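This report describes the fold of a single chain, with attention to one helix and one residue that packs beside that helix.

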Amino acid sequence: MKTKNLIFAICLLLFTSCVVKSLHPFYTKETIYFDENFIGKWQDKKEGSWRVIRFGNMLFADNETNFDSLFTKGNLDFKIKIRRKELTKEDKKLYSKYKNSYYIQREYKDKKIVFVATPFKINNQTFLDFLPLEHQDDIDNLLESHSIYTHSLVKYDIKKNGEVEIKWLDEDKIEELFKQKNIKIKHEIVGVLDSKYLLTASSLELQKFIKKYMASNDDEKWNTSTKFTLTKTNGTD
């Protein structure tokens, strides 16, 4: 397989391979903006299914339920006591960091990919910071040991008909800006062919970049091959 075709195949398998990647989050605590309307199950037009829940709820998914019975005036009553499972130190750290984030699972052709996505708002525009969760199924251990999990920037819009449109910031757009020397932001060029851009700027610097990018006159700045229109298939999960 030619190198170009190989890269394209990898992009199809892991769609975040063809989007802008950052070592640090695109959000800060002050800009986090949680939207309950995103909770639930969704379908995209590529026949992929999405499950979106609050990240904290995922940690408490395995509740322990105890039943206490007692007689009251000749009737047998049941009192249900629900006790959340004991959280490990790692779980507590995850909850503290991502309690206002989403746990997102996309299933497509029997393959599942899981992300934590943190919603945030800049100048009245909502974004999602996508970060793959570590130790996912069907990923070779040797391959994962070489992986660095990076953040990607997603523009999030609710359409008038209730559908949600999400668009990733495309790597080609940023590559063009770097080549034209129209942006100055800390980054490294990585990859087998030294052709991939990895942003290394701080979260505050990234947000300054987002503001400038949003204010640019480029009418095609959100054109991307990595986008999904989601239609809700149920109520809240």
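Two residues are taken to be in contact when heavy atoms lie within 4.5 Å. The model discussed here is predicted.

The chain contains 6 helices and 13 strands. Of its 237 residues, 40% are buried. Among contacts with a separation of 6 or more, 63% join residues 24 or more positions apart. The exposed surface of the chain is about 15400 Å², of which carbon and sulfur atoms supply 50%.

Helix α6 covers residues 203-215. For these 13 residues, a rise of 1.5 Å a residue gives an expected span of 18 Å, and the distance of 19 Å between the end C-alpha atoms agrees with it. The buried residues of α6 fall within an arc of 155° when viewed down the axis, and therefore line one face of the helix. The table lists the two sets of residues.

| Set in α6 | Residues |
|---|---|
| Buried | S203, L206, Q207, F209, I210, Y213 |
| Exposed, on the face turned away from the buried side | L204, K208, K212, A215 |

The buried residues of α6 pack against the strands β1 (21-22), β7 (111-122), β8 (125-132), β9 (151-158) and β12 (196-199), and against helix α5 (171-179).

I174 is located in helix α5. With a relative accessible area of 2%, I174 is buried, because the cut-off for burial is under 20%. Beyond neighbours within four places in sequence, I174 is in contact with V20, L169, I183 and F209. F209 is itself one of the buried residues of α6. V20 and I174 are 154 residues apart in sequence, yet their C-alpha atoms are 7.3 Å apart in space.

Conventions: Residues are numbered from 1 along each chain as its sequence is written. This is a predicted model: local features need pLDDT of at least 70, side-chain atom pairs count only at pLDDT 80 or more; totals for chains, interfaces and linings use all residues. Side-chain values use heavy atoms; hydrogens and water are left out. Helices (H or I, at least four residues) and strands (E, at least two) are DSSP runs, numbered from the N terminus. The expected span of a helix is 1.5 Å times one less than its number of residues. Buried means under 20% relative accessible area, exposed over 50%, partly exposed in between (1.4 Å probe, protein chains only). The arc is that of the directions from the helix axis to the C-beta atoms. Accessible areas come from the Shrake-Rupley method with a 1.4 Å probe; for residues, only the protein chains shown count as cover.
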